[in-house]
Structure formats: C-alpha cells, structure tokens
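Welcome, and take a moment to turn the model around before reading on. The paragraphs below will lead you through it step by step.

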Amino acid sequence: MVWSRLLSWGRLLGAGALILGAGALLAAGRLILAFAPKTYLRWRGWLFRRGSQKVLAVLGFDVRVSGPAPRSPYLLVTNHLSYMDVLVLASQLGCVFVAKAEIRGWPVLGPICRWFGTIFINRQERRDIPRVTAELEAALGRELGVVIFPEGTSSAGAGLLPFRSPLLAPAARLGIPVHYAALGYETVPGDPPAYLAVCWWGNTPFAPHVVNLVRLRRVTATIDFGEEPIVEPDRKFLAVRLREAVLEKFRPVTDEDPVPDA
C-alpha cells in the first residue's frame with residue numbers, strides 16, 4: 001500500500017514537471033520562432049510528440065502501433081476511450097485535436113491542449129460547427145495533422161458509438177482522404193481492468209479516475225492504423241464508411257456494459 005502511494009505521487013509529480021517544462025519550452029519557442037511560423041509549428045508538433053512520449057513513460061504506458069501512420073497534412077478519425085487517447089496519439093503523430101470545449105478548463109490535460117493548438121468545439125451549440133470546420137480547414141492548410149473523435153464522447157470500449165458527420169463536411173466537400181485508426185487499452189493481471197481504470201466514461205468523476213489510473217503498474221495502449229484512407233463526397237456516408245473501417249480494426253476492451261451496435 002505504501003509503495004503504491006509513493007508510486008502514484010511520484011508519477012503525478014514527474015508528469016507535472018514534464019508538462020510544466022514543455023509549457024516553458026513552448027513559450028520560449030514562440031518568442032524565438034515568432035517570424036518563422038512554419039518552423040514553429042513543426043517544432044511544436046515535435047515537442048508535443050516527444051513530451052507525450054515522456055509523460056506516458058512516467059505513467060507506465062507502453063504504446064504499440066500497427067499499420068502505417070499518416071503523414072502531415074492529414075485528417076484522422078478514431079474511436080474515443082479516455083482522456084489518455086490524446087497523449088497516446090500525440091506520442092506517435094504530433095498532431096492537433098478537435099475536442100469538446102469543456103476540456104479547456106481541465107487540470108493537466110486542459111493546458112496541454114491549449115498550448116498545442118487544440119481546436120475546441122461547443123458540442124451543445126450547432127452554430128459553433130462552421131467556426132470549427134473553418135479552423136480545421138485552416139489547420140490542414142498549414143500542413144498539420146488533425147485528429148477527430150467522431151463518436152463525440154468516450155466509452156467503455158465494448159463497441160463503437162455512431163460516428164457524427166458534421167466535422168467531416170470539409171473532407172467530403174473538398175475530396176480530402178480521411179485516415180482512420182482503432183485505439184485499445186489493456187492492463188496487467190492483478191490490476192483493475194482497462195475499461196474501468198483507463199477508459200473514462202459515464203458519470204465517473206475525473207480526479208478519482210486519474211488517481212486510480214496512476215496506481216496501475218503497467219498499461220498497454222494499441223493504435224491500429226488503417227492501410228488506406230477513405231474518400232467519399234457525402235459526409236453522412238463518409239461517417240458510416242469510416243465507422244465500418246474502424247470497427248474492422250477495433251478490439252473490444254470489455255464485454256461488459258455493451259454498447260448497442262448502430
């Protein structure tokens with residue numbers, strides 16, 4: 001018990017120190033590279049990737065990747081299981097995310113998302129969609145990789161929720177190929193199962209969940225990238241095709257609390 005508490009506090013302090021250091025480096029880089037925006041964006045992506053790798057190592061996460069990762073600029077969709085999805089994907093891609101506006105005020109993850117160019121969306125306000133799609137197109141125009149979680153919320157990982165299509169409108173209208181990937185998590189025997197300890201869903205409070213997560217001895221995170229991107233001129237049909245493609249790669253995190261197939 002004592003060792004578990006020491007490990008938890010050590011991981012939290014280590015991750016916090018890395019995040020603060022990344023923030024300081026980002027601020028310094030913004031000043032130094034103010035007159036070279038493309039260089040700054042490339043450097044910011046590299047810092048996001050390396051910083052995420054370091055934080056995941058401190059937290060005991062091992063990321064395993066299969067399939068070809070997309071190269072910038074790109075649009076990528078994936079299933080959504082946890083707030084850890086951001087760090088897991090960023091550790092391999094150095095991308096920017098489209099995320100719900102509430103994350104902006106979260107501890108730890110909120111500052112990371114703000115610093116590294118996350119596009120925030122108010123999911124309760126449909127009038128916010130045009131602004132977000134415009135920012136998404138601008139990010140692609142700056143040769144960045146953009147990640148969308150089209151389920152709109154995280155789940156326990158028993159299945160996939162329906163994919164929402166509004167944010168796929170630019171890809172459908174402009175004929176942009178959309179890449180896809182499936183995420184998964186697994187804990188070691190003796191630790192709580194991943195669908196409870198890593199996946200964040202339902203009404204589980206954020207802070208207690210983080211505390212339980214950092215107590216895990218080891219977590220294996222998997223990213224299974226699709227082989228070929230999908231092009232489709234109808235955004236709703238594009239959402240359906242992408243969900244079917246992700247479902248082929250998806251390995252359920254749990255058989256409990258099943259999500260009805262849509």
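Let us begin inside. This is a predicted model, and its largest nonpolar core holds 49 residues, of which Phe61, Tyr83, Met84, Phe97 and Tyr185 touch the most other members. Helix α3, residues 84-93, gives this core its largest share, with seven residues. There is also a second, separate core, made of 32 residues, including Ile119, Val132, Tyr180 and Leu242. In soluble globular proteins, nonpolar side chains tend to be buried together.

Tyr83 is a good place to pause. Leaving aside residues up to four places away in sequence, Tyr83 touches Trp106, Leu109, Trp200, Phe206, His209, Val210 and Leu213.

Now step back and take in the whole chain. Of the 262 residues of the protein, 50% count as buried. Its accessible surface comes to about 13000 Å², and carbon and sulfur atoms account for 58% of that. The secondary structure consists of nine helices and seven strands. How do the contacts run along the sequence? Among those between residues at least 6 apart in sequence, 75% join residues at least 24 apart.

Next, find the sheet. Its seven strands form an open sheet with mixed pairing, and reading across gives the order β1-β7-β6-β2-β5-β3-β4. Why is one side of β1 and of β4 left without a neighbour in the sheet? Strands β1 (61-66) and β4 (119-121) stand at the edges and have a single partner strand each, so one side of each is left without a neighbour. On average, neighbouring strands of the sheet are turned by 25° against each other, direction ignored.

At one of these edges, β4 pairs with β3 (residues 96-100) in the parallel sense, over three bridges. Within this part of the sheet, Ala99 stands opposite Phe120 in β4. Helix α9, residues 235-249, packs on the sheet as well, touching β2 (74-78), β6 (178-187) and β7 (219-225). The direction of helix α9 makes about 35° with that of β6.

The aromatic rings deserve a look of their own. A pair of aromatic rings is described by the distance of the centres and the angle of the planes. The count here comes to eight aromatic pairs. One of them joins Phe97 and Phe149, which are stacked, with 6.1 Å from centre to centre and 10° between the planes. Because Phe97 lies in strand β3 and Phe149 in the loop between β5 (145-148) and α6 (169-174), the pair ties together parts that are 52 residues apart in sequence. Both Phe97 and Phe149 are buried.

Compare that with the rings of Trp200 and Phe206. Their centres are 5.5 Å apart and their planes stand at 75°, so this pair is edge-to-face. Is Trp200 buried or exposed? Its relative accessibility is 14%, so Trp200 counts as buried, the cut-off for buried being under 20%. You have met both rings already, since Trp200 and Phe206 are among the residues that Tyr83 touches. Elsewhere, ring pairs link Phe48, Phe97, Phe116 and Phe149 into a cluster.

Helix α5, residues 129-141, is home to Thr133, and Ala134 also has its place in α5. With 13% relative accessibility, Thr133 counts as buried, whereas Ala134, at 45%, counts as partly exposed. Which residues does Thr133 touch, not counting those up to four places away in sequence? They are Pro166, Leu167 and Pro170. Pro170 also appears beside the name of Ala134: these two residues are 36 apart in sequence, and 8.4 Å separates them in space, C-alpha to C-alpha.

Two details of the backbone round off the walk. Ser72 and Pro73 are joined by a cis peptide bond, with omega at about -5°. Pro73 has its place in the loop between β1 and β2. The other detail is at Glu143, in the loop between α5 and β5. Phi of Glu143 is near 65°, which is a positive value in a residue other than glycine. Glu143 has a relative accessible area of 52% and is therefore exposed.

Methods: Residues numbered from 1 in each chain as written. Predicted model: local features only at pLDDT ≥ 70, side-chain atom pairs only at ≥ 80, totals over all residues. Heavy atoms only, no water. Helix = DSSP H or I, 4+ residues; strand = E, 2+ residues; numbered from the N terminus. Buried < 20%, exposed > 50% of the residue type's maximum accessible area, 1.4 Å probe, protein only. Contact = heavy atoms within 4.5 Å. Areas by Shrake-Rupley, 256 points an atom, 1.4 Å probe, with all protein chains shown as cover. Core = buried A, V, L, I, M, F, W, Y, C linked by side-chain atoms within 4.5 Å. Pairing = 2+ DSSP bridges. Axes fitted to C-alpha atoms, helices over the stretch in contact; angles between N-to-C directions. Phe/Tyr/Trp six-rings, centres within 6.5 Å; stacked < 30°, edge-to-face > 60°.
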